[in-house]
Amino acid sequence: MLVYESRIKGSFQGYKDRETVFELVNGRAYKQDEYQYQYRYMHSPNVKVYQEGSTYYLEVEGMNSRVRVKKIK
């Protein structure tokens, strides 16, 4: 289920590892919760956050897949 849409705050350099944090312009922040490496540089791309059960996924416009994340803020 789609929870909301927003934008990445500043630059986005792709999905990396479990230490990658995605800060959104609406003040929320998510930390990547799985290893998935895909590099792509974009400035403030659109994102969609989905929730399936207790699991969140972040989908960045222009990327080939979404990534599992944990809400940290």
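In the predicted model, E52 stands opposite T55 in strand β7. Because the model is predicted, local features require pLDDT of at least 70 and side-chain atom pairs pLDDT 80 or more, whereas totals for chains, interfaces and linings use all residues. Residues are numbered from 1 along each chain as its sequence is written, and side-chain values use heavy atoms, without hydrogens and water.

Strands are DSSP runs (E, at least two residues) numbered from the N terminus, and two of them pair if DSSP finds at least two bridges between them. Strands β6 (residues 46–52) and β7 (residues 55–60) run antiparallel and are joined by six bridges. These two strands form a hairpin with two residues between them, and G53 in the turn has a positive phi of about 65°. A further hairpin, with five residues between its strands, is formed by β7 and β8, and G62 in its turn has a positive phi of about 95°. Four bridges connect β7 with β8 (residues 66–71) in the antiparallel sense; Y56 has V69 in β8 as its bridge partner.

On the other side of the β6 pairing, β1 and β6 run antiparallel and are joined by five bridges, with L2 opposite Y50 in β6.

The six strands of an open sheet follow the order β1-β6-β7-β8-β4-β3, with antiparallel pairing. Strands β1 (2–7) and β3 (21–23) stand at the edges with a single partner strand each, so one side of each lacks a neighbour in the sheet.

Outside these strands, Y35 lies in the loop between β4 (29–32) and β5 (42–43). Y35 counts as exposed (over 50% relative accessible area, 1.4 Å probe, protein chains only) because its relative accessibility is 62%.

Definitions and conventions:
Buried means under 20% relative accessible area, exposed over 50%, partly exposed in between (1.4 Å probe, protein chains only).
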